[in-house]
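Here are my notes after a pass through this one. Have a look at the model first, then compare with the points below.

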Amino acid sequence: MKKIVVSLSIAMFCAISAVAQQNPTGKITLKIQDAEGKPLPFTTIMLKSVKDSVLVKGELTTEAGDCQFEKIKDGHYFIQASQVGYTTLFVPAFKIDATHKTIEVGTLKLSNSGKNLQAVNITAVKPYIETSAGKTVLNIENSVTAAGNTALDLLRRAPGVQVDNNENVMLKGQSVTVMIDGKLTYLSGEQLSNLLKTMPGESIANIEIITSPSAKYEAAGNGGIINIKTKKGKMTGINGNISTTLTQSVYGRYGVSGNFNWRTEKFNLFGNLDQGDNPRLVTRKYDRVVKDSDGGETSLFQDIFQRNRFKNNYLKLGMDYFLNDKNTIGVLASGYKNSFSSDLYSQTYLGRPGKATDSTLNSLTSNRNKFDNITVNLNYKGVIDSAGGREISFDADYAQFNSQRTLNLTDSMYDNHSGFNSSPNSIRNLNNNQVIIKSLKTDLSWPLNKNTKLEAGLKASFVTTTNRMLFDSLYHGAFVTIPRLSDQFEYEENIYAAYGSYKQQINKTNVQLGLRVENTSSTGHSFSTNSTVSRSYTDFFPNIAIEQALNPKDKLTLVLSRRIERPGYGQLNPFMFYLDKYTYGKGNPYLRPQYSNIAEFAYTFREKYIATLRYTRTTDMMEEFIYFDEVNKASISTQRNYDNVDVGSLLFTLPFEVTKWWTSTNNIDASYNRYRFEDLNKVAFTTTSVNYYINSTNTITLPKDMKMEVMAYYNSPFVYSIFRGYSQYNLNLGIQKQFLNKNATVKVSVNNILRNESYRGAAEYGNVRLGIFNTWQFRTVNLYFAYRFGSNSIKAARERKTGTSDEQKRAG
C-alpha cells in the first residue's frame, strides 16, 4: 500500500503540472465619495480573498472616485477601502461565479478619521435551520433558545438526528462521524456523549450536518458527518467575546466562555476558553420480563435515581504566520481536562409478573471519571498560483487521550417474605485508558480552468490504545482482585488513504466524480484470554454528485456514495462493565466494520424550498444487542453485527417570511426503517417502522433591538435496531435584547416547557420483553449575558481541517 501511495503521489503531481488555465473574466466596479458626496481620488482599494485574507489585487480610484477590477477569477472576496485622514471601510463579502460575473458594489462613503462612520449596513439574519442538498446548518449563534443548552441538547432537536437511550448520536438511524472545528473528537459512545454534555451551546457558532460528504472527507460515518463549529473572532486588530450563562433546573449550573482574535499583516493569534459546572438529574426505569425454560416468567423492574455532574475545562490556542501573500504556516494546540461523576441509587424488584414482589435488590453505584486530551497540529498552506487558484496544504497531528475511571458498586438483597436483608456485596472497577494518534496528510487543489478543477490528497494515520481493567471484590473488609475478570487490552491500527476528485461545469450542469481508497491493518490483543484478532483490508469509496440548474432559481441534485464505519476501540474491548448484578455490558473483539451505500436526490425550488429523497442500505451494521443469562437473571449488553438495514427518507425544508418581522423555518422528515438480524439461536427477526419528524423555528423581530424565538418539534414513534421508541415533542421559548451599540447581549429562555424531552422505548424478541423510560432533561430557565469587545472589522482565523480522521472519534 505504501508503494501505491507513493506512486499515486508522483502521478498526481506530474499530471497536474502539465495543465493550463483559461483567463478569468470576473469584473468589479465601485465609486468612493466622502461624507458630503464628493469624489475621493487616489483611494486605495484592496480586493482580498475571504478564505485567508490574502491580497488578490490592488487599485487606486480615479479623480472621479471610480475604481474597477477586471479579469478576476471565480471566488469569494471582500473589499477594503482606505484613504489618509479617513476611516477604513470594509465591504461585506461577495462571490464571483458562473452566474455572477459582474459585481456592482455601488457608491461607498468614507468618513473623516475621528468621526463615526456614516454608512448603511444591510444585515441579513440567518434562519436557525438552513438546508441545501446534502447539508443542513443549524445557526446556533443566532438562536435565543440555545443559551443554557449543551451540544448534545441541541443535537437532539436537529432534523434527522436521534439520541438513543444510551445517549449515542445517530443520523437517520445510522452511525455518524462527529467533528469539532473540522477535527474529529477522538471519542465514541459514552465518552463522546460526556464531551458533548460538557460543551456549552454559548460557545457554538453553528452545527453542520453533512449527509453526503465528498471523497475529500474521511469515509467513516454511515449516516454522514456532524461538524460543530465554535465561535471565533471575526475581525484586523484585536477583538473577542466573553459570556456567562446561569441555568436553573432541578439543580443550578453555570458556564463561562471567551474567545479572542489578534490579527496583523504578518500573523493571526486566536484562542478559546470554556469552563463550566453542569449537574443534572437523570431518572431511568427498566421493566424486563424473561421467559424461563420451565415455561414460567420472571419480572425485573428497575427504578434508578441518578445525579450526574459534568465539569469542563477547554482551551484552544492557535497562530497563523503569513510568510508572504502566498505561504502561511500555523500551529494549533487544544485540550480539555474534564470530569464526570455520578451517584446512582437503584432498586430492582424481582418476582412473577402480576404477583407480589419476592425480593428487592438495593444498589448504590459511585462513578468517578476523569478524562483529558491534548492535540497539536502543525500546518502549511501554499498558493501555487493565486490567479489560477492552485493550492497545496500539509498537516501533521499528534493527539493523546487519557481516561481514568473508578466505579464502586454496593448492593444487598431484601427478601420480602422473610424480611431478611443479605450482607452487602461490594465490587470495584478501576479502568485506565490511553489512546495515542499520529497523522500526516496533504491536500492539493488544482483548477484546470474556470469550469474544471482537480483535488487530490494522501493521508497516513497510526493509532495505539491501551486499556487496563482491574476488577476487585470486597472480601473480609478488603478488596481482592479477581484475575478472571481483570484484563489488559491493547489495540494497534494503521490506515493509509488516497483520494482524488474531478469537478466540471458543463453549461448548467455541475459534475463531481471522486474516489477514496483506504487500506486498514489492525491487531487487538487481550492478555487475560491470550487471544489476538488481526485484520487487514483495502476498501474503495466512490462518490458521484451531479447538479443540474433548471433556471437561475431551481435545480436538481443527485449524489451517490459509499461509506464505512469501523468499530470503536471500546466496542472491541472484551472487558465486563457492571451497573449492578443484573445489568452489565462487554465489548466484542470480533466486531466487523459496517458499510453503507447511499443515494440522495434533491430538488431546490426558488433557492429556498428543498425536497430531498434519500436511501441507505447498510450491511453488517454494528449495534447494541441485549441477551439474557437465564441462570443469573442478568441482562448483558454487547455489540454485534446485524445482517442489513434499509432506511428511506423524504425531507422537506419550508422557510416562510410571514411578515417583515416574523420568519418561520420548518422541516418535515418522513422515513421508512427496516432492520434484519438473528438472535443467539439463529432465529431471524425483522423490525420496520414509518416515522416522521416536524420542526418549526419562528423568529419575531421586536422594537428596540429585541427579538423573540419560539421553537417546537415533534418526533413520531420510531424503530432503531431491536428498540421501538415512543413519540417525543417539546417547546422552547426565548427573548433577546442587545444594547451598548449591539456589543452586549442578554438572553432569557425557557426550555423543555412541555417536559417531554425523554426516551421511552420497548423491545420484544426471543424470550425477553423490555421497557425503558429515561429522563435526562427537566424544564430549565436560562439567563445568558455576552459582551463583544474590540474592532468590528477583523478577518476571522482561517478555516482549516487538520489531519485528524475517522479513527480519532472511535477512542474512549
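The points below go from the whole chain to the cores, then to a small sheet and a single threonine.

1. Overall picture. Keep in mind that this is a predicted model. The protein chain has 47 strands against 5 helices, so to speak a long list of strands to keep track of when you read the numbering. Of its 812 residues, 54% are buried. The chain exposes about 34,900 Å², and carbon and sulfur atoms supply 57% of that area.

2. The largest nonpolar core. This one holds 42 residues, and the members that touch the most others are V161, V169, L196, I204, I207, I226 and I228. Helix α2, covering residues 151–156, is the top contributor with 4 residues. As background, nonpolar side chains tend to be buried together in soluble globular proteins.

3. A second core. Apart from the 42-residue one there is another core, made of 31 residues. Its members include M170, V290, I304 and Y720.

4. I228 up close. If you want one residue to click on in the largest core, I228 is a good pick, being among those that touch the most other members. Leaving out residues up to four places away in sequence, I228 touches A151, V178, M179, I180, D181, L196, M199, I204, N206 and I207. L196, I204 and I207 on that list are also named among the core members with the most contacts to other members.

5. The three-stranded sheet. What is the strand order here? It runs β4-β1-β7, in an open sheet with mixed pairing. β4 (66–72) and β7 (102–110) each have a single partner strand, so one side of each has no neighbour in the sheet. On average, neighbouring strands are turned by 15 degrees against each other, ignoring direction.

6. The β1–β7 pairing. Strand β1 (residues 26–34) runs parallel to β7, and the two are joined over 8 bridges. To find your place in the pair, start from I28, whose bridge partner in β7 is I103.

7. T509. This residue sits in strand β28, which spans residues 509–526. Is T509 buried or exposed? With a relative accessible area of 18%, T509 counts as buried, because the cut-off for that label is under 20%. Its side chain makes a polar contact with the side chain of Q548, at 2.3 Å. Beyond neighbours within four places in sequence, T509 is in contact with Q504, I546, E547 and Q548, so Q548 turns up in both the polar contact and the contact list.

Key. Residues are numbered from 1 along each chain as its sequence is written. This is a predicted model: local features need pLDDT of at least 70, side-chain atom pairs count only at pLDDT 80 or more; totals for chains, interfaces and linings use all residues. Side-chain values use heavy atoms; hydrogens and water are left out. Buried means under 20% relative accessible area, exposed over 50%, partly exposed in between (1.4 Å probe, protein chains only). A polar contact is a pair of N or O atoms within 3.5 Å; within protein, one must be able to donate a hydrogen and the other to accept it, and residues adjacent in sequence count only if both atoms are side-chain atoms. Contact means heavy atoms within 4.5 Å. A nonpolar core is a set of buried Ala, Val, Leu, Ile, Met, Phe, Trp, Tyr and Cys residues joined through side-chain atoms within 4.5 Å. Two strands pair if DSSP finds at least two bridges between them. Axes are lines fitted to C-alpha atoms, for helices over the stretch in contact, and angles run from 0 to 180 degrees between N-to-C directions. Accessible areas come from the Shrake-Rupley method with a 1.4 Å probe; for residues, only the protein chains shown count as cover.
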